[in-house]
Amino acid sequence: VLVQAQAEANTCELIGSRENMAKPCVLHVLDTNLVKEYTGTCEEYSGYVKKPGFCHHLKTMLTCKHSDWGTAFREWGVLQFYFAILVAIVSTVLEVVDGNVGVVHATWVCCVQIVFGYIWAHLGWFGVVKKDGCFCCIIACCECQLILLVWGLLMIFYAIGAVLTAVQSIGVCPICVVNLVLQGMYAIILFYMGFACLNIWLQHGKEIIPPEIDVVGPAGDKIGAAA
């Protein structure tokens, strides 16, 4: 029995080490399979948006200890999307009331902001949680665990920048206090998203330099590699 228990423990340790093993960095160029993989998660992510978990676990989300940082990142991302809707609507109302733009134009801009808010929330979840680090730029996507570190730091820095920008607007106009409150709340969301992203990177072995770089072309065919 002791021998069997030891064997099972060694097996679990081996599996854990394989999960944290450094993965090659993959550069996807016009990879249609990756696009299909992303669009295939639309139904799954829309389900998280329709039934967000943060409504029942917001207090837990505010803690810095999670057993599943991927779930934490997902829930903060969904909250970020809902907050993007709030900011878009408030900004539209303020612009119309202030007389800066017309109702039709302001409504159109509001709808565009909401659509892009969803795209970024979904794309961020796909790149961080589903792909363990993925950054897309028009025709190419880089899949690498180091991106988890980069994304995490950028979100935290952006959160700090949002607060500093909002503070500078104090006293400029009476209505600017609304912007200060919204930016402060948004900064909290971004900070926790960045913190969750950094912890996902830590759980994956804190990779800095990938062992190799693979290049994948259309239809997912490997077309090159660099050691």
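Of the 227 residues in this protein, 34% count as buried. Keep in mind that what you're looking at is a predicted model. Its secondary structure comes to eight helices and five strands, and reading along the sequence gives the pattern α-β-α-α-α-α-α-β-β-α-α-β-β. Among contacts with a separation of 6 or more, 72% are between residues 24 or more positions apart. Here's a tour of the core, the main pocket and a handful of residues to click on.

**The nonpolar core**

- The largest nonpolar core has 38 residues, and the ones with the most contacts inside it are Phe73 and Trp76.
- Seven named helices each put in at least two residues: H2 (32–39), H3 (42–50), H4 (54–61), H5 (69–98), H6 (103–130), H7 (146–168) and H8 (176–203).
- H8 is the top contributor to this core, with twelve residues.
- If you want a way in, start at Phe73: leaving out residues up to four places away in sequence, Phe73 touches Gly124, Trp125, Val128, Val129, Met155, Met193, Ala196, Cys197 and Ile200.
- As background, nonpolar side chains in soluble globular proteins tend to be buried together.

**The largest pocket**

- The largest pocket holds about 1100 Å³ of space.
- Its lining takes in 42 residues, and Gln80, Ala84, Tyr158, Tyr186 and Leu190 lie nearest the centre.
- By residue type, that lining splits into 30 nonpolar, ten polar and two charged.
- H5, H6, H7 and H8 each supply at least two lining residues, and so does strand S2 (134–137).
- While H8 gives the most to the core, H5 gives the most to the pocket lining, with 13 residues.

**Gln80, by the pocket centre**

- Gln80 is in helix H5 and is among the lining residues nearest the centre of the largest pocket.
- Why does Gln80 count as buried? Its relative accessible area is 8%, and the cut-off for buried is under 20%.
- The Gln80 side chain makes a polar contact with the side chain of Tyr186, at 3.3 Å; Tyr186 is another of the residues nearest the pocket centre.
- Setting aside neighbours within four places in sequence, Gln80 is in contact with Gly117, Ala121, Tyr186, Ile189 and Met193.
- Met193 also turns up in the list of residues that Phe73 touches.

**His28 and its partner**

- His28 is in strand S1 (residues 25–29), and with a relative accessible area of 9% it is buried.
- Which side chain does the side chain of His28 make a polar contact with? The partner is Glu143, at 2.8 Å.
- Beyond its neighbours within four places in sequence, His28 is in contact with Leu34, Ile139, Ala140, Cys141, Glu143 and Val216.

**Two spots on helix H6**

- Ile114 is in helix H6 and is partly exposed, with a relative accessible area of 24%.
- Not counting neighbours within four places in sequence, Ile114 is in contact with Phe81, Ile85 and Ala88.
- Ile114 and Leu86 are 28 residues apart along the chain, and their C-alpha atoms are separated by 9.1 Å.
- Thr107 is in helix H6 too, and is partly exposed at a relative accessible area of 38%.
- The side chain of Thr107 reaches the backbone oxygen of Val103 at 2.7 Å.
- The C-alpha atoms of Thr107 and Ala88, which are 19 residues apart along the chain, are separated by 9.4 Å.
- Ala88 also appears among the contacts of Ile114.

**Positive phi in the loops**

- Leu30 isn't a glycine, yet its phi is positive, near 50°.
- You'll find Leu30 in the loop between S1 and H2.
- Is Leu30 buried or partly exposed? With a relative accessibility of 47%, Leu30 counts as partly exposed.
- Asp132 is another non-glycine residue with a positive phi, about 55°.
- Asp132 is in the loop between H6 and S2.
- Asp132 is buried, because its relative accessible area is 17% and buried means under 20%.

Key. Residues are numbered from 1 along each chain as its sequence is written. This is a predicted model: local features need pLDDT of at least 70, side-chain atom pairs count only at pLDDT 80 or more; totals for chains, interfaces and linings use all residues. Side-chain values use heavy atoms; hydrogens and water are left out. A nonpolar core is a set of buried Ala, Val, Leu, Ile, Met, Phe, Trp, Tyr and Cys residues joined through side-chain atoms within 4.5 Å. Buried means under 20% relative accessible area, exposed over 50%, partly exposed in between (1.4 Å probe, protein chains only). Helices (H or I, at least four residues) and strands (E, at least two) are DSSP runs, numbered from the N terminus. Contact means heavy atoms within 4.5 Å. On a 1 Å grid over the protein atoms alone, a cavity is a set of points where a 1.4 Å probe fits but cannot get out, and a pocket is an open set with protein on both sides within 12 Å along at least five of seven lines; lining residues have an atom within 4 Å of a point. Grid points are joined across faces, edges and corners, and a volume is the space filled by probe spheres set on the points. Ala, Val, Leu, Ile, Met, Phe, Trp, Tyr, Cys and Pro count as nonpolar, Asp, Glu, Lys and Arg as charged, and the others, Gly among them, as polar. A polar contact is a pair of N or O atoms within 3.5 Å; within protein, one must be able to donate a hydrogen and the other to accept it, and residues adjacent in sequence count only if both atoms are side-chain atoms.
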